[in-house]
Amino acid sequence: MKTLIVHAHPEPKSLNSALKDLAVSTLEAAGHEVRVSDLYAMNWKAAVDAADYGPGASGRLKVALDSGRAFEAGTLTPDVLAEQEKLLWADTVIFQFPLWWYSMPAILKGWVDRVFTYRFAYGVGEHSDTKYGERFGEGTLAGRRALLSVTTGGPEPHYAARGINGPIDDLLFPIHHGILYYPGIEVLPPFVLYGTDRMTDEDYPDVAKAWEQRLLTLESTEPIAFRRQNFGDYEIPSLHLKEGLEPAGRTGFGLHVRG
């Protein structure tokens, strides 16, 4: 297994950094190849601008079209090209980050904004009366799997169905479905550590054991059963889920998960 770890935490001595290091050592000891993109250590540029696209940038910047033009011409900046190459190399991608303000850190979102360019991560495939591009189960990154390893400051009940923060699956849906599944990546159930602000050194061995177990079962873990866009569940071109396919009483994000 070839694994890319995208790590987003500024403190090398943080829990997130320890989990990243443990993932590297555990996977390598099991015979897997591992590459790491440590975004803070790389001083990753988070903001998209015309400099990303070189000669592909238009006079009035159009991020989608200009990024696609630069991708096809091979004029994206070297840092972006390197990350795209890592994604194409990997068959598994682990994202290690803290949940900040109900989402990923800005530097990681900036990695997505710059690396997932038009014609690479989206804007591919046939658009017709029966197919709406290759996305949500198809696409450039199909055949790969991803896992979010996330730490939260709040305790687990705060992220339950009736918790004040909302269900963790709902909070992670924009990442799982909108960023990862969109270009074809299969998404594994997340590894979430709750209440980490109150975690002590004595708690870490149990955390490490649980993380090692998840890492060593990545290849056999079933992905979240998101519905594929072009395989009969959705009306095209409206992309509304067909009536009657949802389990009784299910609404919201859950509509887009089978079973």
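This briefing describes the salt bridges, aromatic pairs and charge–ring contacts of the structure above. The model is a predicted one. A search of the whole structure finds 15 salt bridges, and the count of aromatic pairs comes to 11. Selected examples of each kind of contact are set out below, with their position and burial where available.

**Salt bridges within helices**

- In helix α2 (residues 63-73), R69 and D66 stand 3 residues apart, a separation of about one helical turn. The two residues form a salt bridge in which the closest N and O atoms are 2.8 Å apart.
- The two partners of this bridge differ in burial class: R69 is partly exposed, with a relative accessible area of 41%, whereas D66 is buried, at 0%.
- Helix α3 (residues 78-89) contains both K86 and E83, which are 3 residues apart, or about one turn of the helix. A salt bridge joins K86 to E83, with 2.8 Å between the closest N and O atoms.
- Both K86 and E83 are buried.

**A further salt bridge and a network**

- K131 and E138 form a salt bridge whose closest N and O atoms lie 3.5 Å apart.
- K131 has a relative accessible area of 18% and E138 one of 14%. Each residue is classed as buried because its value falls under the 20% cut-off.
- Elsewhere, K45, D49, D52, D79 and R114 are joined into one network by salt bridges that share partners.

**Aromatic pairs and cluster**

- Among the 11 aromatic pairs is that of F95 and W111, with 5.8 Å from centre to centre and 70° between the planes. The pair counts as edge-to-face because the angle between its planes is over 60 degrees.
- This pair links distant parts of the chain, since F95 belongs to strand β3 (residues 92-98) and W111 to helix α4 (residues 106-115), 16 residues apart.
- Both rings belong to buried residues: F95 has a relative accessibility of 5%, and W111 has one of 0%.
- One aromatic cluster is formed by F136, F173, Y181, Y182, F226 and F253.

**Charges over rings**

- R35 places its charged end over the ring of W89, at 5.0 Å from the ring centre.
- The ring of F231 has the charged end of R228 over it, 3.7 Å from the centre of that ring.

Terms used. Residues are numbered from 1 along each chain as its sequence is written. This is a predicted model: local features need pLDDT of at least 70, side-chain atom pairs count only at pLDDT 80 or more; totals for chains, interfaces and linings use all residues. Side-chain values use heavy atoms; hydrogens and water are left out. A salt bridge is a side-chain nitrogen of Lys or Arg within 4 Å of a carboxyl oxygen of Asp or Glu. Helices (H or I, at least four residues) and strands (E, at least two) are DSSP runs, numbered from the N terminus. Buried means under 20% relative accessible area, exposed over 50%, partly exposed in between (1.4 Å probe, protein chains only). Rings of Phe, Tyr and Trp (its six-membered ring) pair if their centres lie within 6.5 Å; planes under 30 degrees apart count as stacked, over 60 as edge-to-face and the rest as tilted. A charge sits over a ring if NZ of Lys or CZ of Arg is within 6 Å of the ring centre and within 35 degrees of the ring normal.
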